[in-house]
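Colleague: I've got a model open and I'd like to learn how to read it. Could you walk me through it?

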Amino acid sequence: MGLLSSVFKKNVSEEPPKPVAAPQKTDVAKKAETTTKEVKPVVDKITLGYTHLSGCTGCTVALADNYGGLLTLLDKYVDLKYMPTLADVRHIQQVDVAIVEGSVCIQDKLAVEEIKETRAKAAVVVALGGCAAYGNITRFARGGQQNQPQHESYLPIGDLIKVDVLIPGCAPTPEMIRNVAVMAYLLLKGTKEQKDLATAYLKPLMTMAAGCNAACACDIMTSVINQGLCMGCGSCAAACPVRAITMEFGKPNLNRDLCIKCGACVAQCPRGFFNTDVISEYEAINEAIMAALQ
Ligand code: SF4
Ligand code: SF4
């Protein structure tokens with residue numbers, strides 16, 4: 001009690017109250033002048049839309065996980081025209097780049113119309129993550145997670161429209177989403193040199209998009225392991241969101257019953273997806289991205 005009362009006494013100080021400083025006069029003219037000076041030059045931003053279809057919203061979370069990087073993108077390079085979550089604007093508009101998250105439920109007339117309208121109004125369409133690219137959990141989830149209406153109702157967007165760029169993963173990494181956004185900007189608005197770097201960076205993702213409606217553990221089996229290319233690095237197992245791959249005796253062991261066909265293992269395998277055209281440009285690409293995000 002003694003201690004409590006002494007603390008209480010300390011908090012309720014017996015010292016006379018200090019005089020409150022008088023409010024400073026606001027010099028409106030001066031403030032307006034300062035504000036004008038801080039206005040940043042208008043940057044030739046690219047316009048971006050975000051169509052959100054069927055999925056778990058993990059890709060939106062991954063995008064938001066860029067924190068300061070996302071703010072830099074929105075500040076300098078991207079004019080976000082529509083997105084249900086971050087922009088609170090739903091109607092699809094004419095844009096340079098449209099990012100699509102989620103697969104299309106073909107029993108949902110609105111979803112089918114949305115994906116077709118997205119394609120019609122965007123110069124470049126990006127399939128973001130496993131659901132947009134391959135159907136992923138909306139088609140292949142197991143263990144009582146059955147979607148309604150049915151798994152077979154959900155299609156990858158590539159089954160309905162042409163896709164230009166694919167960002168793999170379930171969910172894709174925040175850095176990869178950020179890097180693609182920077183590179184899309186440099187491709188559309190950069191110098192000749194920057195356009196070349198952006199093309200080198202985006203080329204493998206465009207190649208993936210061209211065959212965009214299937215990827216699974218079987219692909220890594222046929223294209224890497226069976227070819228004797230696997231070096232046992234474990235990247236595929238580390239990337240798998242449902243632990244369908246375990247490393248045994250230094251090699252990946254696949255459990256196809258668990259696989260949700262997200263494509264993350266294929267994308268992460270340095271002996272599979274990685275395009276050797278990019279290697280010689282790696283440092284320059286990295287420097288361009290870092291410089292853009294300063
Ligand atoms: S094995 Fe895992 S990472 Fe590979 S496609 Fe299947 S669920 Fe995705
Ligand atoms: S990521 Fe590729 S190289 Fe590495 S263990 Fe898996 S299959 Fe082998």
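Modeller: We'll go through the sheet, then two helices, then the ligand surroundings. Keep in mind that this is a predicted model.

Colleague: Let's begin with the sheet. What is the strand order, and how do the strands pair?

Modeller: The general idea is that strands of a sheet pair through backbone hydrogen bonds, either parallel or antiparallel. Here five strands form an open sheet in the order β2-β1-β3-β5-β7, and the pairing is parallel. At the edges stand β2 and β7, each with a single partner strand, so one side of each has no neighbour in the sheet. From one strand to the next, the twist averages 30°.

Colleague: Can we zoom in on one pair? How many bridges join β1 and β3?

Modeller: Five bridges, in the parallel sense. As a landmark, L48 stands opposite V97 in β3.

Colleague: And which strands does helix α9 touch?

Modeller: α9, residues 192–210, packs on the sheet and touches β5 and β7. The helix direction makes about 95° with that of β7.

Colleague: Now helices. Which residues of α4 are buried?

Modeller: The trick is to list the buried residues, then look down the axis. For α4 (68–77) the list is G69, L73 and Y77. Down the axis they fall within an arc of 45°, so they line one face of the helix. That buried side packs against β1, β2 and α8. On the face turned away from it sit the exposed residues G68, L71 and D75.

Colleague: Let me try α10. Which of its residues are buried, and what do they pack against?

Modeller: The buried ones are A217, I220, V224 and I225. Their arc around the axis is only 70°, which puts them on the same side of α10. They pack against α11, β8, β9 and α12.

Colleague: On to the ligands. Which residues come nearest to ligand 1?

Modeller: With a ligand, look at who comes nearest, then at the make-up of the shell. Of the 15 residues around ligand 1, the nearest are A217, C240, C259, C262 and C265. A217 is also one of the buried residues of α10. The shell has 13 nonpolar residues, one polar and one charged.

Colleague: How does the shell around ligand 2 divide?

Modeller: Into nine nonpolar residues, five polar and one charged. Nearest among its 15 residues are C230, C233, S235, C236 and C269. Both α10 and α11 supply at least two residues of that shell, and the largest share, three residues, comes from α10.

Methods:
Residues numbered from 1 in each chain as written. Chains lettered and ligands numbered in written order. Predicted model: local features only at pLDDT ≥ 70, side-chain atom pairs only at ≥ 80, totals over all residues. Near = placed C-beta within 6 Å. Helix = DSSP H or I, 4+ residues; strand = E, 2+ residues; numbered from the N terminus. Nonpolar A, V, L, I, M, F, W, Y, C, P; charged D, E, K, R; others polar. Buried ≥ 20, exposed ≤ 12 C-beta atoms within 10 Å, placed from the backbone. Arc of directions from axis to C-beta. Contact = placed C-beta atoms within 7 Å. Pairing = 2+ DSSP bridges. Axes fitted to C-alpha atoms, helices over the stretch in contact; angles between N-to-C directions.
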